[in-house]
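Open the model in your viewer and keep the sequence panel beside it. This tour says what to select at each stop and what is found there.

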Amino acid sequence: MSHVDSGRITELALAAAPAVGTEAAHLAHCARCRADLAAARRVVRAARAVPQPDRAPHPHSRRPPARLWRAIEAAARAAAPPDAPTEPD
């Protein structure tokens, strides 16, 4: 088996799903993958230890203010060629 994919290492560190079968066997014998997993687990523990108010909000947790959307729309209209349609098809 090749090394455990970095995305899978992240899933394992987040405890999304345990390693099983050949993946578990590989981790038991591969120092590199075990070290990657240990490092990822340290990052997860550190992130989870940050008090909730100090965490940055998820970028999609809040809608941008309406004035921002109006400004984007105005800028897009100003940059569009004069014969561009105003409504999407």
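A residue is called buried when its relative accessible area is under 20%, exposed when it is over 50%, and partly exposed in between, with a 1.4 Å probe and protein chains only. This is a predicted model, in which local features need pLDDT of at least 70 and side-chain atom pairs count only at pLDDT 80 or more, while totals for chains, interfaces and linings use all residues. Residues are numbered from 1 along each chain as its sequence is written, and side-chain values use heavy atoms, with hydrogens and water left out.

**The whole chain**

Start with the protein chain in cartoon view. Its secondary structure comes to 4 helices and 0 strands, so the order from the N terminus on reads α-α-α-α, where helices (H or I, at least four residues) and strands (E, at least two) are DSSP runs numbered from the N terminus. Of the 89 residues in the protein chain, 15% are buried. Switch to a surface: the accessible surface is about 7300 Å², and carbon and sulfur atoms hold 60% of that. Accessible areas here come from the Shrake-Rupley method with a 1.4 Å probe, and for residues only the protein chains shown count as cover. Among contacts in the protein chain with a separation of 6 or more, 43% are between residues 24 or more positions apart; contact means heavy atoms within 4.5 Å.

**Before the first helix**

Select Ser2, in the segment that precedes α1 (6-13). Is Ser2 buried or exposed? Ser2 counts as exposed because its relative accessibility is 56%. Now add Cys30: the two lie 28 residues apart in sequence, and their C-alpha atoms are 9.9 Å apart in space.

Move to Val4, which is also in the segment before α1. Val4 has a relative accessibility of 9%, so it counts as buried. Which residues does Val4 touch, not counting those up to four places away in sequence? They are Ile9, Leu12, Glu23, His26, Leu27 and Cys33. Draw a C-alpha to C-alpha distance from Val4 to Leu27: the two are 23 residues apart in sequence and 7.9 Å apart in space.

**Helix α1**

Next, select Asp5 and Gly7. Asp5 caps the N-terminal end of α1, with a side-chain oxygen 2.8 Å from the backbone nitrogen of Gly7. Then colour Arg8, Ile9, Leu12 and Ala13, the buried residues in α1. They lie on the same side of α1 because they cover an arc of only 140° around the axis, the arc being that of the directions from the helix axis to the C-beta atoms. Show α2 and α3 (31-49) as well, since both are included in what covers the buried residues of α1. Just after α1, pick Ala15, which takes a positive phi of about 65°.

**The salt bridges of Arg8**

Return to Arg8 in helix α1 and show its side chain. Arg8 counts as buried because its relative accessible area is 18%. Leaving aside neighbours within four places in sequence, Arg8 is in contact with Ala17, Pro18, Ala19 and Glu23.

How many salt bridges are there? The count comes to 2, a salt bridge being a side-chain nitrogen of Lys or Arg within 4 Å of a carboxyl oxygen of Asp or Glu. One joins Arg8 to Glu11, with the closest N and O atoms 3.1 Å apart. Both residues are in helix α1, 3 residues apart, which is about one turn of the helix. Glu11 is partly exposed because its relative accessibility is 39%.

Another salt bridge brings together the side chains of Glu23 and Arg8, at 2.9 Å from N to O. This pair links distant parts of the chain, with Glu23 in helix α2 (residues 21-29) and Arg8 in helix α1, 15 residues apart. Glu23 has 14% relative accessibility and so counts as buried. Select Arg8, Glu11 and Glu23 together to see the network of salt bridges that links them.

**A surface patch**

For the last stop, select Trp69 in helix α4 (residues 66-79). Trp69 is partly exposed because its relative accessible area is 46%. Add Leu68 and Ile72: with Trp69 they form a nonpolar patch on the surface, with about 290 Å² of accessible area together. Patches are made of residues with over 30% relative accessible area and no salt bridge, with like charges joined within 9 Å and nonpolar side chains (Val, Leu, Ile, Met, Phe, Trp, Tyr) within 5 Å.

How values were computed:
A polar contact is a pair of N or O atoms within 3.5 Å; within protein, one must be able to donate a hydrogen and the other to accept it, and residues adjacent in sequence count only if both atoms are side-chain atoms.
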